[in-house]
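Dear colleague,

I am handing over the structure that we talked about, and below it you will find a careful account of what was found in it. Please keep the structure open beside the text while you read.

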Amino acid sequence: MTDSTAALPPTTATHLNRLDALLAALHRAREAISAVVVGQERVVDQVLVALLSGGHVLLEGAPGMGKTLLVRTIADAFGLDLGRVQFTPDLMPADITGTLVLAPQEGGAAALTFMPGPIFAQLLLADEVNRATPKTQSALLEAMQEGTVTVAGTVRALPRPFFVLATQNPIEQEGTYLLPEAQMDRFFFRVDVPFPDAGTLERIVAQTTGLRQEQAPQCLTPAELLEAQQIVRAMPVSPDVVQAVSRVVVSTQPSRPESGAEVRRYVRFGVSPRGAQTLVLAAKAQAMLTGRAHVAPEDIRAVLLPALRHRLQLNFEGVADGIDRDALLLRLLDAQGL
């Protein structure tokens with residue numbers, strides 16, 4: 001990367017002076033996380049891209065796939081303060097954000113004192129987020145978008161960096177509450193956690209049923225993660241790539257003349273402008289992890305599905321006909337030559 005800095009703007013070149021050291025630390029973190037979370041290298045890479053972009057992640061997979069282990073291991077590798085909320089139907093918003101309590105003061109008097117909830121952490125694990133009521137789910141909206149929490153009329157800033165990694169089980173839907181589109185759109189990525197193959201399952205069983213349990217060492221500090229996020233934002237991207245991304249997103253809108261017959265027939269509503277922003281920013285982070293100083297078309301392709309799959313909603317006919325949302329997005333990308 002150091003050979004590429006001469007052609008970059010001064011601000012970008014300054015950021016990239018630290019890139020080699022940060023890249024080495026990121027690669028150590030990726031190897032350490034993958035050593036604990038066996039066989040999920042693609043999932044690990046996608047979550048790292050989201051963290052470098054400052055975005056939140058919805059992890060979707062069956063129980064026992066290591067989603068909670070992944071979140072804890074990421075907290076260890078980046079030195080992040082971890083908070084956890086197990087979402088249940090009786091969970092209230094104050095159980096997440098915190099509340100005012102009467103606390104004794106000097107002299108014996110009592111006064112209202114704010115008791116922070118588990119959301120006041122650098123990394124929040126929202127476990128089975130779809131099991132809580134919409135009222136409780138909405139408690140995350142302000143935190144995810146603004147990085148603040150409002151309790152009793154007072155706005156309180158959350159720690160930086162701040163990430164929400166939420167989990168969701170796609171199999172068991174009884175007694176769950178679907179996340180509204182507005183909240184889904186605030187997740188930077190939706191990452192699918194697949195079932196491992198037989199060889200990987202053997203490694204998992206061998207590693208996790210003995211006396212010694214793997215734990216990732218700390219490879220970066222939260223301050224270095226914030227620094228890496230600034231470098232990602234400083235990454236240059238060509239106008240041609242931005243134009244192609246914009247055309248892909250516009251082509252997902254069934255009401256637009258640019259969309260094809262398949263989109264007009266099967267799509268209920270398309271990707272939001274936030275999706276286009278996500279795609280470009282994630283491609284910058286992907287380029288950084290790959291060792292490039294600029295965004296290439298292959299970076300867009302690498303992050304397309306986790307960035308957009310939860311933002312494209314099929315209509316009833318699309319679901320009934322078994323339209324593959326991921327395959328549809330890839331076809332739309334291919335149509336733009338990326």
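**Backbone, helix packing and salt bridges**

Glu-128 is found in the loop between strand E5 (123–127) and helix H6 (134–137), where helices (H or I, at least four residues) and strands (E, at least two) are DSSP runs, numbered from the N terminus. Please bear in mind that this is a predicted model, in which local features need pLDDT of at least 70 and side-chain atom pairs count only at pLDDT 80 or more, while totals for chains, interfaces and linings use all residues. Residues are numbered from 1 along each chain as its sequence is written, and side-chain values use heavy atoms, with hydrogens and water left out.

The backbone of Glu-128 deserves a look, since this residue has a positive phi of about 50° although it is not a glycine. Glu-128 has a relative accessible area of 25% and is therefore partly exposed; here buried means under 20% relative accessible area, exposed means over 50%, and partly exposed lies in between (1.4 Å probe, protein chains only). A second backbone feature is the peptide bond from Arg-160 to Pro-161, which is cis, with omega near -5°, and Pro-161 lies in the loop between strand E7 (154–157) and strand E8 (163–168). For background, most residues other than glycine have a negative phi, and most peptide bonds are trans.

Turning to the helices, the axes of H3 (residues 41–53) and H13 (residues 273–290) come within 9 Å and cross at roughly 115°; axes are lines fitted to C-alpha atoms, for helices over the stretch in contact, and angles run from 0 to 180 degrees between N-to-C directions. H3 and H13 are therefore roughly perpendicular to each other, a label given to angles of 65 to 115 degrees, whereas those under 35 count as roughly parallel, those over 145 as roughly antiparallel and the rest as oblique. On the H3 side the contact (heavy atoms within 4.5 Å) is made by Asp-45, Leu-48, Val-49, Leu-52 and Ser-53, and on the H13 side by Leu-281, Ala-282, Ala-285, Gln-286 and Leu-289. By class, this contact has seven nonpolar, two polar and one charged residues, where Ala, Val, Leu, Ile, Met, Phe, Trp, Tyr, Cys and Pro count as nonpolar, Asp, Glu, Lys and Arg as charged, and the others, Gly among them, as polar.

The last topic is salt bridges, each being a side-chain nitrogen of Lys or Arg within 4 Å of a carboxyl oxygen of Asp or Glu, and by this rule the count comes to 15. One of them involves Asp-45, whose partner is Arg-30, with the closest N and O atoms 3.3 Å apart. This pair links distant parts of the chain, since Asp-45 is in helix H3 and Arg-30 in helix H2 (residues 19–36), 15 residues apart. Asp-45, at 25% relative accessibility, counts as partly exposed, and Arg-30, with a relative accessible area of 23%, is partly exposed.

Helix H13 takes part as well, for the side chains of Arg-274 and Asp-185 meet in a salt bridge (2.6 Å, N to O). Arg-274 lies in helix H13 and Asp-185 in helix H8 (residues 181–185), so the pair ties together parts that are 89 residues apart in sequence. Arg-274 is partly exposed at 25%, whereas Asp-185 counts as buried at 13% relative accessibility.

With kind regards
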